[in-house]
Amino acid sequence: MAGSEGPRQLFLQGVAAVFTFAFASLYMQIPGLYGAEGILPARRTLRPQGKGRWQQLWETPTLLWEAPQLGLDTSQGLELLSLLGALLALGALLMRRLRNLFVYLLLWAAYLSACQVGQVFLYFQWDSLLLETGFLAVLVAPLRQPPHHKQAPQGRLVGASPHEGLPFWLVRWLLFRLMFASGVVKLTSRCPAWWGLTALTYHYETQCLPTPASWFAHHLPVWLQKLSVVATFLIEIAVPPLFFAPVRRLRLAAFYSQVLLQVLIIITGNYNFFNLLTLVLTTALLDDGHLTAESGNSHCKKTPTSWPRALLSLLSLLLEFTIYGLLAYGTVHCFGLEVDWEQHAVHSRTTFTFHQFTQWLKMVTLPTMWLGVASLTWELLNALWRWTQVRGWLRKLCTAVQLFIFGTATVALFVISLVPYSYIEPSSHGHLWTGAHRLFGAVEHLQLANSYGLFRRMTGLGGRPEVVLEGSYDGQHWTEIEFMYKPGNVSRPPPVVVPHQPRLDWQMWFAALGPHSHSPWFTSLVLRLLQGKDPVIRLIQNDVARYPFHKQPPTYVRAQRYKYWFSHPGEQSQWWRRQWVEEFFPPVSLGDPTLDMLLRQFGLQDRSPPRALSSGNSLAQALRWIRKQLSPLEASTLLWGLLAAVGAIRVMQALLGPHSPNSSPLAKEKHKPAPKKDSGAASKQPAPAPDNCSSSSHTPRRKK
């Protein structure tokens with residue numbers, strides 16, 4: 001395998017970008033979600049129970065325990081953490097020197113702290129994925145990030161430590177677990193839409209926040225929708241084992257298939273930073289040779305190579321064609337693909353049963369774990385071999401200590417991750433080493449490893465359920481309360497809000513899937529609307545003037561459940577059709593016995609008023625001033641502005657970089673003559689083979 005310095009830097013930049021979006025998005029919503037007048041005040045989650053300081057911090061690991069020491073309440077402390085996290089992540093994205101272990105440790109600790117008080121609004125799989133990825137970034141990032149690296153003649157980094165590739169392997173293992181589990185659970189859930197290959201005929205209109213492209217994708221031919229489901233199963237179940245393939249081209253093919261899937265999801269759905277984070281994980285499938293490929297390489301002249309190398313290249317090519325052939329045959333056989341030339345369509349159907357699939361899953365789950373063991377063992381042996389090449393006793397001792405620490409951490413995290421991964425198959429979970437279960441249980445609350453399974457079941461098969469809030473002054477005439485992002489007005493096009501996640505809108509989607517009693521927070525939302533709390537209103541409409549009750553809170557609030565469908569092509573000025581189904585939440589007013597009973601039942605009554613803090617606290621005043629400046633901005637607009645600013649700065653860096661005194665070492669090397677003392681050593685080295693142009697070559701290419 002070629003070096004991975006370039007992909008590691010790309011990974012660290014990507015993690016920093018995702019942290020920037022996650023913290024900035026959360027910051028804009030804190031007052032309405034977690035403030036003293038929010039839906040679920042954060043201060044209720046942190047109540048000292050007489051335990052020691054360190055025990056309390058270990059059981060509920062959040063830096064917000066220290067907020068009172070700064071004169072802040074919990075929600076203000078959360079604002080401070082989010083602001084600092086966004087700024088620190090933005091700095092790491094733009095400045096290489098900040099991409100070090102300590103910065104990523106702070107980012108991970110800050111987001112973990114937020115998740116401890118986030119309650120239901122931070123219980124999403126992508127929040128867990130960001131925490132796990134963020135902790136891996138702590139291990140991948142160097143202790144100190146130099147401004148640049150010098151290149152050795154064979155393309156390796158001078159001074160690179162032997163252990164550097166080990167934690168980065170865990171990123172590839174995480175990507176495998178995420179994709180493979182997400183594909184498997186679609187079939188183990190017995191969802192008729194996935195088994196019937198019709199899931200995408202419902203998905204585009206029933207997902208939480210569609211985009212305008214979702215409308216067009218929804219109206220694609222049914223045969224193409226079914227074929228897309230087949231492709232999804234292929235990419236999520238059959239392709240992930242290729243992440244560990246010994247042939248470079250197979251790994252690159254797996255990389256581009258994953259990128260294609262994530263880009264299509266980004267276009268047709270608002271999944272905040274989740275797909276961006278998945279794209280960041282795919283960097284573990286790349287290598288330096290692929291990232292630094294130069295156009296001039298195609299003009300290389302081929303020279304005869306040794307027969308062992310030629311034989312190895314031939315065997316690699318045969319393995320590639322065998323893998324591709326097996327994938328094609330398995331897809332045609334398992335999904336009965338047939339080409340209908342008359343109708344210009346490809347028909348597909350599931351040809352295996354649930355029992356056959358569960359037997360297959362039982363057969364392959366443990367081997368995939370052993371595949372991970374074999375791949376990790378190879379990485380460890382590679383690291384040991386690189387350690388033997390280190391010169392100098394002192395440096396060899398230091399690198400040995402680093403290799404032991406990072407090697408132990410890598411193996412420990414791999415063992416921990418086997419427990420949540422084995423949830424996909426119960427019998428395999430029971431066969432795991434008991435020590436793995438104990439180790440996982442000891443650190444489970446830190447979310448170092450999590451189980452994943454996206455889109456397990458397809459909802460809304462009979463129409464998209466949607467909760468519509470209504471307010472009234474007299475209990476007779478009702479006015480709908482329209483949200484900024486979720487479907488409501490049938491004439492309004494779906495918005496594009498990625499990478500922002502409007503967490504209230506997402507929870508409204510989950511609430512519509514069942515009775516309101518399954519979503520206790522909804523009662524608190526109704527209470528805040530009756531009270532006319534501005535922070536909560538800004539979650540619904542950031543431009544308060546567009547909120548129908550901005551002058552005076554409604555006397556009554558109720559909620560209705562509708563079913564929504566995308567409009568048919570040709571229906572003018574309409575994106576949706578809808579039909580009333582039932583009452584979701586009864587009409588209530590302040591002091592209503594029904595409302596008071598629900599608040600008591602769900603423990604939402606505010607019995608203890610917030611503790612009064614010093615109004616003269618300069619930090620609290622600074623936070624209030626920043627909030628006042630940013631509150632007029634819509635969250636998605638703020639994030640797009642950040643994205644545009646980062647893009648502009650990176651373009652400027654690229655334009656000014658070659659003219660700066662700190663230009664890349666490769667550029668300097670081209671114009672700098674070799675020192676005389678190295679001329680003898682250079683003459684002893686064999687000339688680089690000019691045929692190192694093939695993407696499958698395993699020989700490192702000499703950099704010029």
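Visitor: Why does D534 count as partly exposed?

Guide: In this predicted model, the relative accessibility of D534 is 35%. Buried means under 20% and exposed means over 50%. The value for D534 lies in between, so D534 counts as partly exposed.

Visitor: What makes the contact of R538 with D534 a salt bridge?

Guide: A salt bridge requires a side-chain nitrogen of Lys or Arg within 4 Å of a carboxyl oxygen of Asp or Glu. The side chains of R538 and D534 meet at 3.0 Å, N to O, so the pair satisfies that limit. R538 and D534 both belong to helix α21 (residues 534-540), where they are 4 residues apart, about one turn of the helix. R538 is itself partly exposed, because its relative accessible area of 28% falls between the two limits.

Visitor: Which residues are joined into one network by salt bridges that share partners?

Guide: That network consists of E5, R8, R96 and E164. Within it, E5 forms a salt bridge with R8, and their closest N and O atoms are 2.9 Å apart. This distance is within 4 Å, so the name applies. E5 and R8 are 3 residues apart in helix α1, so about one helical turn separates them. Both residues are buried.

Visitor: How do you know that R503 and D127 tie together parts of the chain that are distant in sequence?

Guide: R503 forms a salt bridge with D127, with 3.1 Å between the closest N and O atoms. R503 lies in helix α19 (residues 503-511) and D127 in helix α5 (residues 125-140), so the pair ties together parts that are 376 residues apart in sequence. R503 and D127 are both buried. In total, the structure holds 20 salt bridges.

Visitor: Why is Q29 called buried or exposed, and what does Q29 touch?

Guide: Q29 has a relative accessible area of 5%, which is under 20%, so Q29 is called buried. Q29 is found in helix α1 (residues 5-34). Not counting residues up to four places away in sequence, Q29 touches H500, Q501, P502, R503, L504 and L539. R503, one of these, is the salt-bridge partner of D127.

Visitor: What makes S113 buried?

Guide: The relative accessibility of S113 is 1%; this is under 20%, and S113 therefore counts as buried. S113 lies in helix α4 (residues 101-118). Leaving aside neighbours within four places in sequence, S113 is in contact with P61, T62, L63, L64 and L81.

Visitor: Why is the aromatic pair of Y271 and F455 called edge-to-face?

Guide: Rings pair if their centres lie within 6.5 Å, and planes over 60 degrees apart count as edge-to-face. For Y271 and F455 the centres are 5.6 Å apart and the angle between the planes is 85°, so both conditions are met. Y271 lies in the loop between α11 (248-268) and α12 (274-281), and F455 in the loop between α18 (434-443) and β3 (464-472), so the pair ties together parts that are 184 residues apart in sequence.

Visitor: Where do Y271 and F455 stand on the scale from buried to exposed?

Guide: Y271 has a relative accessibility of 5% and counts as buried. F455, with a relative accessible area of 30%, is partly exposed. Both residues belong to one aromatic cluster, which also contains F124, W126, F274, W506, W509 and F510. The structure holds 46 aromatic pairs.

Visitor: Which residues make the nonpolar surface patch, and why is L314 called partly exposed?

Guide: The patch is made by W307, L311, L314, L315 and L318, and covers about 560 Å². L314 has a relative accessible area of 46%, which is neither under 20% nor over 50%, so L314 is partly exposed. L314 is found in helix α14 (residues 307-335).

Visitor: What does the UniProt record place on this chain?

Guide: The unreviewed UniProt entry places the feature "transmembrane region" at residues 12-30, 77-95, 102-126, 259-286, 307-327, 364-385 and 397-419. Over residues 12-30 the model is 100% helix and 0% strand, with the end C-alpha atoms 27 Å apart. Over residues 259-286 the chain is 64% helix and 0% strand, and the end C-alpha atoms are 12 Å apart.

Visitor: How many helices and strands does the protein chain have?

Guide: The chain has 26 helices and 6 strands. Of its 704 residues, 49% count as buried.

Technical notes. Residues are numbered from 1 along each chain as its sequence is written. This is a predicted model: local features need pLDDT of at least 70, side-chain atom pairs count only at pLDDT 80 or more; totals for chains, interfaces and linings use all residues. Side-chain values use heavy atoms; hydrogens and water are left out. UniProt positions are given in the numbering used here, feature names are shortened, and annotations may be inferred rather than shown by experiment. Helices (H or I, at least four residues) and strands (E, at least two) are DSSP runs, numbered from the N terminus. Patches are made of residues with over 30% relative accessible area and no salt bridge: like charges are joined within 9 Å, nonpolar side chains (Val, Leu, Ile, Met, Phe, Trp, Tyr) within 5 Å. Accessible areas come from the Shrake-Rupley method with a 1.4 Å probe; for residues, only the protein chains shown count as cover. Buried means under 20% relative accessible area, exposed over 50%, partly exposed in between (1.4 Å probe, protein chains only). Contact means heavy atoms within 4.5 Å. Rings of Phe, Tyr and Trp (its six-membered ring) pair if their centres lie within 6.5 Å; planes under 30 degrees apart count as stacked, over 60 as edge-to-face and the rest as tilted.
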